[in-house]
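Student: Please take me through one part of this protein closely. I would like to see how a single helix sits among its neighbours.

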Amino acid sequence: MGQGNHWRKADNLLLDTLKKEFKCTFDRELADLVGMTQAQLSQYRNGTYNLTPSFILSIHESVGWPTSRIRDLHNRQLIINSRKGRSKK
C-alpha cells in the first residue's frame, strides 16, 4: 500500500455494484438513492453494520432489485473477505 491509501473507502461488492449501475459518483448519492444517511451507509461499507432485512428491503424498494440479487452480492463479499482473512495468516 502506498502513502495516502488510508483514505480509500473499503471495497463492498453490493454498494459498489449499486453505485456503478445507478451512476452514483459518491456514497452520499447512493445513500440518498437507498434511503439512508451517509453515515449509515459508511458503517455498512466498513463492516460496522451487517446486512439487515430492513436494508435489503430498502434497496429492493428503492431500485427494484430482487432480494436474491442483494443477498447474493452480500454473500459474495463475505466469501471475498474470508479469503482475505486467511491469506493474512
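Tutor: The answer below starts with the whole chain, then turns to α2 and its surroundings.

This is a predicted model, in which local features need pLDDT of at least 70, side-chain atom pairs count only at pLDDT 80 or more, and totals for chains, interfaces and linings use all residues. Residues are numbered from 1 along each chain as its sequence is written, and side-chain values use heavy atoms, with hydrogens and water left out.

The protein has five helices and zero strands. Helices (H or I, at least four residues) and strands (E, at least two) are DSSP runs, numbered from the N terminus. The order from the N terminus is α-α-α-α-α. Of the 89 residues, 29% count as buried. Buried means under 20% relative accessible area, exposed over 50%, and partly exposed in between (1.4 Å probe, protein chains only). Contact means heavy atoms within 4.5 Å. Among contacts with a separation of 6 or more, 53% join residues 24 or more positions apart.

Now to α2 itself. Its buried residues are Asp-27, Leu-30, Ala-31 and Val-34. Seen down the helix axis, they fall within an arc of 100 degrees, so they line one face of α2. The arc is that of the directions from the helix axis to the C-beta atoms. Arg-28 and Asp-32 are exposed on the other side of α2. The cover over the buried residues of α2 includes α1, α3 and α4.

Take α3 next. The axes of α2 and α3 come within 8 Å and cross at roughly 105 degrees. That makes α2 roughly perpendicular to α3. Axes are lines fitted to C-alpha atoms, for helices over the stretch in contact, and angles run from 0 to 180 degrees between N-to-C directions. Angles under 35 degrees count as roughly parallel, over 145 as roughly antiparallel, 65 to 115 as roughly perpendicular and the rest as oblique. From α2, Asp-27, Arg-28, Leu-30, Ala-31 and Val-34 meet Gln-38, Leu-41 and Arg-45 of α3. By class, this contact has four nonpolar, one polar and three charged residues. Here Ala, Val, Leu, Ile, Met, Phe, Trp, Tyr, Cys and Pro count as nonpolar, Asp, Glu, Lys and Arg as charged, and the others, Gly among them, as polar.

The link between α2 and α3 deserves a look. Just after α2, Gly-35 takes a positive phi of about 75 degrees. Thr-37 lies in the loop between α2 and α3. Thr-37 is partly exposed, with a relative accessible area of 43%. Its C-alpha is 9.6 Å from that of Asp-27, ten residues away in sequence.

On the other flank is α1. Lys-19 belongs to helix α1. At 15% relative accessibility, Lys-19 counts as buried. Leaving aside neighbours within four places in sequence, Lys-19 is in contact with Cys-24, Thr-25, Phe-26, Asp-27, Leu-30 and Arg-45. In the loop between α1 and α2 sits Lys-23. Lys-23 is exposed, with a relative accessible area of 72%. Its phi is near 55 degrees, a positive value in a residue other than glycine. Most residues other than glycine have a negative phi.

α1 also packs on α3, at an angle of about 130 degrees with axes 9 Å apart. That makes α1 oblique to α3. Leu-14, Leu-15, Asp-16 and Lys-19 of α1 make this contact with Leu-41, Tyr-44 and Arg-45 of α3.

Back to Val-34. Not counting residues up to four places away in sequence, Val-34 touches Leu-18, Leu-41, Phe-55, Ser-58, Ile-59 and Ser-62. On α4, the buried residues are Phe-55, Ile-56, Ser-58, Ile-59 and Val-63. They fall within an arc of 160 degrees seen down the axis, so they line one face of α4. Pro-53, Ser-54 and Glu-61 are exposed on the other side of α4.

Finally, the core. A nonpolar core is a set of buried Ala, Val, Leu, Ile, Met, Phe, Trp, Tyr and Cys residues joined through side-chain atoms within 4.5 Å. The largest one has 18 residues, of which Leu-14, Leu-18, Val-34, Phe-55, Ile-59 and Trp-65 touch the most other members. α1, α2, α3, α4 and α5 each supply at least two residues of this core. The largest share, four residues, comes from α4.
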